[in-house]
Protein chains: 2
Amino acid sequence: MAEFGLIERIRTRTAVDRADVRVGIGDDGAVLSVPAGHDLVVSVDTLVDGVHFPARTDAADVGWKALAVNLSDLAAMGATPAWATLALTLPDGNGTWVDAFADGFAALARESKLALVGGDTTRGPLSITVAVHGFVPEGRALLRSGARVGDRIFVTGTLGDAAAGLACLDARHPRGVEFFNAPAGTREALISRLNRPTPRLAQGLELRDGASAAIDISDGLVADLGHLCAASGVGAVIDASHLPASAALFALFGESERRVLQLCGGDDYELCFTASDLHADALVSALSRTGGGVTCIGRIVEGAGVSVLDENGAEIPLPRRGWDHFSA
Amino acid sequence: MAEFGLIERIRTRTAVDRADVRVGIGDDGAVLSVPAGHDLVVSVDTLVDGVHFPARTDAADVGWKALAVNLSDLAAMGATPAWATLALTLPDGNGTWVDAFADGFAALARESKLALVGGDTTRGPLSITVAVHGFVPEGRALLRSGARVGDRIFVTGTLGDAAAGLACLDARHPRGVEFFNAPAGTREALISRLNRPTPRLAQGLELRDGASAAIDISDGLVADLGHLCAASGVGAVIDASHLPASAALFALFGESERRVLQLCGGDDYELCFTASDLHADALVSALSRTGGGVTCIGRIVEGAGVSVLDENGAEIPLPRRGWDHFSA
């Protein structure tokens with residue numbers, strides 16, 4: 001941790017001062033103070049150029065997204081963000097790119113009251129690794145493993161928008177011209193969901209009171225709900241007709257395409273959570289007050305895996321696995 | 001943090017169980033407990049193939065080094081290691097490479113009682129980002145900024161070995177044949193210092209009692225001592241004839257080459273620290289008991305920057321800056 005030029009430049013733009021940062025950037029390590037009675041929650045994600053964002057994505061969008069995908073993990077744990085480290089590998093010392101990246105990163109850091117406390121810059125093919133740190137009252141972290149048979153399944157916001165945005169950016173998409181001719185703002189709304197996801201932090205905090213399990217949707221609803229079910233030792237049944245869709249998704253995609261995007265599209269960074277009937281109504285009220293919407297999409301059942309039913313109760317075959325960046 | 005296959009495989013090999021890990025790998029984030037009365041120290045470093053280690057370095061050595069360079073930062077802060085996250089970008093899902101990498105990482109993790117608590121694997125050009133977390137009693141972290149005029153300057157171990165090891169690996173080095181014909185073990189000892197650096201953790205703990213400032217030597221003595229001086233608002237004078245050298249370095253390099261390697265060679269991961277006359281002797285005794293040696297190499301002076309003097313007190317011009325992976 002010796003190369004502070006770029007990282008310090010980014011920190012200056014971030015400009016979040018926190019009393020719990022005893023020593024920030026500039027020494028061999030940051031010295032940080034976790035509040036008494038709290039656990040530390042840590043999550044790390046890497047974004048690789050052309051894999052986790054389309055090549056030539058705006059630097060400011062990359063900066064935002066690199067932090068957003070990590071904050072989304074904190075949201076899913078019910079944690080409050082505190083600090084981040086940033087490891088930035090760049091093909092060259094392009095100052096304009098770095099400044100724009102820093103602006104995007106800083107915009108979300110300020111909004112989240114998150115301080116950049118360390119980092120490293122190296123030369124190589126563009127990739128960004130962010131590790132975020134947050135707090136949760138001792139023993140109160142929201143896990144994937146608490147879903148019980150009979151719990152209702154909910155998602156925040158709308159699904160499929162980011163994957164639809166990716167389709168809109170695909171120059172070879174057969175319906176590309178149609179996308180461009182859509183009502184003003186439609187295409188842009190979807191692309192913005194891809195490039196500037198909103199971590200559902202306020203919602204995550206509310207979920208600590210009553211949700212039985214939670215996960216963020218990064219790889220697609222079916223894939224991520226599948227992770228939650230596996231961790232909880234249960235199965236899930238989703239009612240496809242209840243999946244929330246944005247106006248933009250409705251405008252550009254017919255029912256069958258829409259379903260694939262909603263069920264299997266990655267990068268939405270909404271939260272998927274479960275709650276018993278006892279807690280569900282109060283939770284829905286609390287989440288409604290945070291804005292962004294919340295929808296019941298199904299039930300936890302005995303067994304394993306995720307089934308999707310149409311409005312007649314017939315199972316819908318799933319076209320493919322969720323977004324999978326890497327498998328070994 | 002959804003792709004756990006590789007990371008879990010590495011964690012299993014690491015096999016360090018810590019009671020302060022409430023939730024480890026497998027959820028959206030790790031849930032961790034910092035002991036009361038302690039600060040958290042966090043450091044992050046990225047290693048890029050062909051930049052921070054020679055291309056085709058043994059995977060086990062890469063695994064060891066990726067953790068070692070980070071633990072060295074904790075050592076320089078006087079911190080005790082606790083947890084790490086690992087972000088691994090791989091060109092393909094080469095299981096043999098990953099297993100060997102995991103073995104190297106795990107060997108050092110076990111030795112350091114460090115638990116792997118999170119990670120991410122992505123596809124792309126080989127690079128590794130490790131973030132380490134350690135503890136230090138509240139307010140007791142060792143900083144770069146505490147050196148005072150008159151303090152003595154010390155280093156642990158020997159200097160220049162890793163850079164000498166890199167020279168030994170250079171197929172185009174004019175003296176390559178000579179290196180190969182050196183007494184058995186000489187070349188290997190130097191290469192091992194490059195590939196398997198030892199973080200000076202035990203020494204770092206001792207330094208909390210009495211050292212005024214500390215830094216680890218990753219970029220070369222002059223460069224890193226320069227960082228320490230800049231942070232402390234002081235200058236430094238080094239006596240070149242006091243620089244500690246290993247037997248292997250002596251065997252293969254003459255005085256002028258040796259000095260360059262000792263002053264400017266990177267990757268040694270020894271500690272450089274300062275102490276007042278009042279504390280110096282007790283510190284040296286304490287460090288001697290940890291093994292590995294400690295040598296007084298100079299004094300902190302008024303002013304700025306690092307000067308190096310020969311045995312006649314004449315200033316030695318410095319041939320070049322320390323190892324600098326990236327500057328912008």
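**Chains A and B: cysteines, interface and a buried arginine**

Reader: Let's start with Cys229(B): is this residue buried or exposed, and at what relative accessible area?

Author: Keep in mind that this is a predicted model. The cut-off for buried is under 20% relative accessible area. Cys229(B) counts as buried because its relative accessible area is 1%.

Reader: How many disulfides are there over all chains?

Author: A disulfide needs two cysteine sulfur atoms within 2.5 Å. Over all chains, the count by that rule is zero.

Reader: And which cysteine has the sulfur nearest to that of Cys229(A), and which one for Cys229(B)?

Author: Cys229(A) is in no disulfide, and the nearest cysteine sulfur, 8.1 Å away, is that of Cys272(A). Cys229(B) is in no disulfide either, with the nearest sulfur 8.1 Å away, on Cys272(B).

Reader: Moving to where the chains meet, what is the area buried between chain B and chain A?

Author: On the chain B side 63 residues make contact, with 62 residues of chain A. Carbon and sulfur atoms give 57% of the buried area. The total comes to about 5000 Å².

Reader: How many salt bridges are counted between chain B and chain A?

Author: A salt bridge needs the nitrogen and oxygen within 4 Å. Arg144(B) and Asp27(A) pass that test, at 3.8 Å from N to O. The count between the two chains is eight.

Reader: Which element gives the largest share of the side of chain B that touches chain A?

Author: The rule finds 17 residue pairs in polar contact across this interface. Several elements of chain B each supply at least two residues, including strand E3 (38-48), helix H2 (59-77) and strand E4 (80-90). The largest share, nine residues, comes from E3(B).

Reader: What about Arg187(B): which side chain of opposite charge is nearest?

Author: Arg187(B) sits in helix H6 (residues 186-195) of chain B. Beyond its neighbours within four places in sequence, this arginine touches Cys168(B), Leu169(B), Phe179(B) and Phe180(B). Arg187(B) is buried yet has no salt bridge. At 4.4 Å, the nearest side chain of opposite charge is Glu188(B).

Reader: Last one: which elements are among those covering the buried residues of H10(B)?

Author: Helix H10 (residues 255-264) of chain B has several buried residues, among them Arg258(B), Arg259(B) and Cys264(B). What covers the buried residues includes, from chain B, helix H4 (161-169), helix H8 (221-232), helix H9 (247-252) and strand E12 (305-309).

Methods
Residues are numbered from 1 along each chain as its sequence is written. Chains are lettered from A and ligands numbered from 1 in the order in which they are written. This is a predicted model: local features need pLDDT of at least 70, side-chain atom pairs count only at pLDDT 80 or more; totals for chains, interfaces and linings use all residues. Side-chain values use heavy atoms; hydrogens and water are left out. Helices (H or I, at least four residues) and strands (E, at least two) are DSSP runs, numbered from the N terminus. Buried means under 20% relative accessible area, exposed over 50%, partly exposed in between (1.4 Å probe, protein chains only). Lys and Arg count as positive and Asp and Glu as negative; His and the chain ends are not counted. Contact means heavy atoms within 4.5 Å. Buried area is the accessible area (1.4 Å probe) that two parts lose on being put together, summed over both. A polar contact is a pair of N or O atoms within 3.5 Å; within protein, one must be able to donate a hydrogen and the other to accept it, and residues adjacent in sequence count only if both atoms are side-chain atoms.
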